[in-house]
Amino acid sequence: MSKNYAALAKSIVDLLGGVGNITAVTHCMTRLRFVLKDDSRVDSPALKNLSGVLGVVRSDNQCQVIIGNTVSQAYREVVSLLPGELQPAVPQGKQKITLRRIGAGILDALIGTMSPLIPAIIGGSMVKLLAMILEMSGVLTKGEPTLTILTVIGDGAFFFLPLMVAASAAVKFKTNMSLAIAIAGVLVHPSFIELMAKAAQGEHVEFAFVPVTAVKYTYTVIPALVMTWCLSYIERWVDRITPAVTKNFLKPMLIVLIAAPLAILLIGPIGIWIGSGISALVYTIHGYLGWLSVAIMGALWPLLVMTGMHRVFTPTIIQTIAETGKEGMVMPSEIGANLSLGGSSLAVAWKTKNPELRQTALAAAASAILAGISEPALYGVAVRLKRPLIASLISGFICGAVAGIAGLASHSMAAPGLFTSVQFFDPSNPMTIVWVFGVMALAVVLSFILTLILGFEDIPVEEAAADARMRQSASTAAV
C-alpha cells in the first residue's frame, strides 16, 4: 500500500515543534535532516511511533528522521509545508564554547555539506565504472571519443567537486551561493591549475609578493568547505563597512578581493593539509593493522550509520580514490556490513510469524543486498529486534577480515551492494571478481545463520496490530 507522504510530512513537522521551529531541512539517501531552533519542542516518542518513520537520531539542535529509500517523496512534502526561505534560528543568549560543541559543529558542517552531494558523486562513480567495463570488455577501445566522453561525464562531479561543495556549504552557512561558487571556481580555473603545476615543478609563484603554495584543488572537499565558512563571516563584515549607495558594486568586489586571495594563500593550503592529515591518520591505522582494520570497520559500520558519523569518511574516500585510484579500508568493510544486515533481515523474514514484519524485513533485505542501502534493515529490523543487529556486527567483522585479507579495494564511492559490486573489480587482477562475490555470499549466509542461532523475540500479530493502531492514532492526532 502506498504511503500518504503529505500526512506523514505534516505529522513529522508538527512533532518537531511546528514550521516555526525548523530553520533548515535537507535529505540524504534515507534520512530527512532537520536543523531546529528549540530542541526541547521535539516529541521523540511520538515521532518514532509514526507509521513510515524507521527511526530518529538527535544531536543538539539536529534531528534526523529515517524514512528509507522513499525519503525524497517525504522531503518534497515537507518542503511544501515550509516557507520559501527558512530563517536561521536566533541564539538564546551566548552559548558556552566546549570541545563537544566544537566537535558537533564540525561534524554537522561536514555532514550537512556532503549529504546533498552524494547522488552526484554516486552517479559520476557509476558512469566511470561503466566506461571502465566497456573498455575492459573490448566494446570500446582506449582513446575512442565515446569512451572519452563517458569518462568525462563520470569525472565531472569529481573534477568540479570544490564548486559543488561551495554551493552546498553556502546553503549550510547562510552565505551568498554565487560568490562561494565564483571563489571556488578560481581554484579549478585552467590558468590557475597550470600555474599550480608550474609551482609544483619548482617555479616560484607569488601573489602580491606572497609565495603561493603549490596545491591541486580538483577532487578536494575541505578547502572549499573551509573557504565558504570564512566567506560567511567576510560577507557580513564587508556588508557592515560598505555604504548603502555602493553595496551593489563595491560589496561583491571587496568580498571577492578578500576571500579569493585568502583562499589561495591560506585557506586552500590549510584545507589540503587537514584533508591529507585525516587521510594519513586513517590509512596509517590501516597500514599498521592491515586486514584487522577492515574487520573492525566492518563491525563498527552499522553503529557509525546509526550516529550519522559514517559521512565523516566521505572526503577521505574521495581524496584517496582521486590520488591513488582506489580505496581499500572503508569501502571494502561496507560489503560485509551492508549485506550482513540484509542477511539478518532475510532470516527474520524466514522465521517470523508476523506478516507485516516479514514484508518489512524482505523489503529491507532487498535494499541492503541489491543496492547497498542498509538503513531500512538497520532501523526497521536489526535495531528493532536487537539480536539480528548482534548477528550483523559479528558477520560484518568476519567478512571485513576476509575482504581485508583478499586486498579488495573500491574504485568508486557507490554504496556496496550486488548492483554496485563492479566497483571492486580490478582489471589487473580477475580474481577480485571471485573474492567480491565470495564475501557478499559469505555475508548473507553467515548473518542469516547467526540470526537463526541467536534467535529474536518475534513481534506477535496481536501486538503488531495494536502497535499499528497506536501509530495510526498518533498520526491522526498530529494531523
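Me: How many aromatic pairs does this predicted model hold, and what makes two rings a pair?

Reply: The count comes to 6 aromatic pairs, where rings of Phe, Tyr and Trp (its six-membered ring) pair if their centres lie within 6.5 Å, and planes under 30 degrees apart count as stacked, over 60 as edge-to-face and the rest as tilted. The model is predicted, with local features needing pLDDT of at least 70 and side-chain atom pairs pLDDT 80 or more, while totals for chains, interfaces and linings use all residues. Residues are numbered from 1 along each chain as its sequence is written, and side-chain values use heavy atoms, leaving out hydrogens and water.

Me: Why is the pair of W229 and Y233 called edge-to-face?

Reply: The centres of W229 and Y233 are 5.4 Å apart and their planes stand at 80°, so the pair meets the distance limit and its angle falls in the edge-to-face class.

Me: What makes W301 and F313 a tilted pair?

Reply: Their centres are 6.2 Å apart with 45° between the planes, so the rings pair but their angle belongs to neither the stacked nor the edge-to-face class.

Me: Why is W301 called buried?

Reply: Buried means under 20% relative accessible area, exposed over 50%, and partly exposed in between (1.4 Å probe, protein chains only); W301 has 5%, so W301 is buried.

Me: How do you know that the charged end of R236 sits over the ring of Y233?

Reply: A charge sits over a ring if NZ of Lys or CZ of Arg is within 6 Å of the ring centre and within 35 degrees of the ring normal; the charged end of R236 lies 4.8 Å from the centre of the Y233 ring and is listed as sitting over it.
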